[in-house]
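Dear colleague,

Here is the structure we spoke of handing over. Please look through it, and then read the notes below.

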Amino acid sequence: MLNVHALAGLDAAPSVVRKVGPADLKDALIKAVNDFIMSGVALVGPFVAIGLYEVSRGRELGLETSWTGEPPARMERNR
């Protein structure tokens, strides 16, 4: 409302009032879900990268690597 007063003066009233309908609500929900999915990808990505780095490290050391296997009991250091 401040923008209308600043541009048109204090006596000016908004000329158009839009009603919110079901289509508007549906559009807002779709946009919210898309935003949530994109932020979820940004939050999950680093954890997926940690798994990929660990598999890569194991292969480099010649260890048996598997997505279903248990993690090693003791982590060996690279020398």
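Val33, Phe36, Ile37, Met38 and Val41 together make a nonpolar surface patch of about 550 Å². The model is a predicted one, so please read what follows with that in mind. Of the patch residues, Phe36 belongs to helix α2, which runs over residues 22-60. Phe36 has a relative accessible area of 65% and is therefore classed as exposed, the cut-off for that class being over 50%.

For the chain as a whole, there are two helices and zero strands. The protein chain has 79 residues, and buried ones make up 5% of them. The area exposed by the protein chain is about 7800 Å², with 63% of it supplied by carbon and sulfur atoms.

Next, the charged side chains. Side chains of opposite charge can pair when their charged atoms come close. How many salt bridges does the structure hold? There are three, and they are listed here.

- Arg18 and Asp24: the closest N and O atoms of this salt bridge are 3.0 Å apart. Arg18 has a relative accessibility of 65% and so counts as exposed. Asp24, with a relative accessible area of 28%, is partly exposed.

- Asp27 and Lys31: a salt bridge joins these side chains, at 3.4 Å from N to O. The two residues are separated by about one helical turn, because Lys31 and Asp27 are four residues apart in helix α2. Asp27 counts as partly exposed, its relative accessibility being 36%.

- Glu54 and Arg57: the side chains meet in a salt bridge with an N to O distance of 2.8 Å. Both residues are in helix α2, where a spacing of three residues puts them about one turn of the helix apart.

In that last pair, is each partner buried or partly exposed? Glu54 is at 32% relative accessibility and so counts as partly exposed. Arg57 has a relative accessible area of 18%, and because buried means under 20%, Arg57 falls in the buried class.

If you open the model in a viewer, helix α2 is a convenient place to begin. Phe36 of the nonpolar patch lies in helix α2, as do Asp27 and Lys31, and also Glu54 and Arg57.

Regards

Notes: Residues are numbered from 1 along each chain as its sequence is written. This is a predicted model: local features need pLDDT of at least 70, side-chain atom pairs count only at pLDDT 80 or more; totals for chains, interfaces and linings use all residues. Side-chain values use heavy atoms; hydrogens and water are left out. Patches are made of residues with over 30% relative accessible area and no salt bridge: like charges are joined within 9 Å, nonpolar side chains (Val, Leu, Ile, Met, Phe, Trp, Tyr) within 5 Å. Accessible areas come from the Shrake-Rupley method with a 1.4 Å probe; for residues, only the protein chains shown count as cover. A salt bridge is a side-chain nitrogen of Lys or Arg within 4 Å of a carboxyl oxygen of Asp or Glu. Buried means under 20% relative accessible area, exposed over 50%, partly exposed in between (1.4 Å probe, protein chains only).
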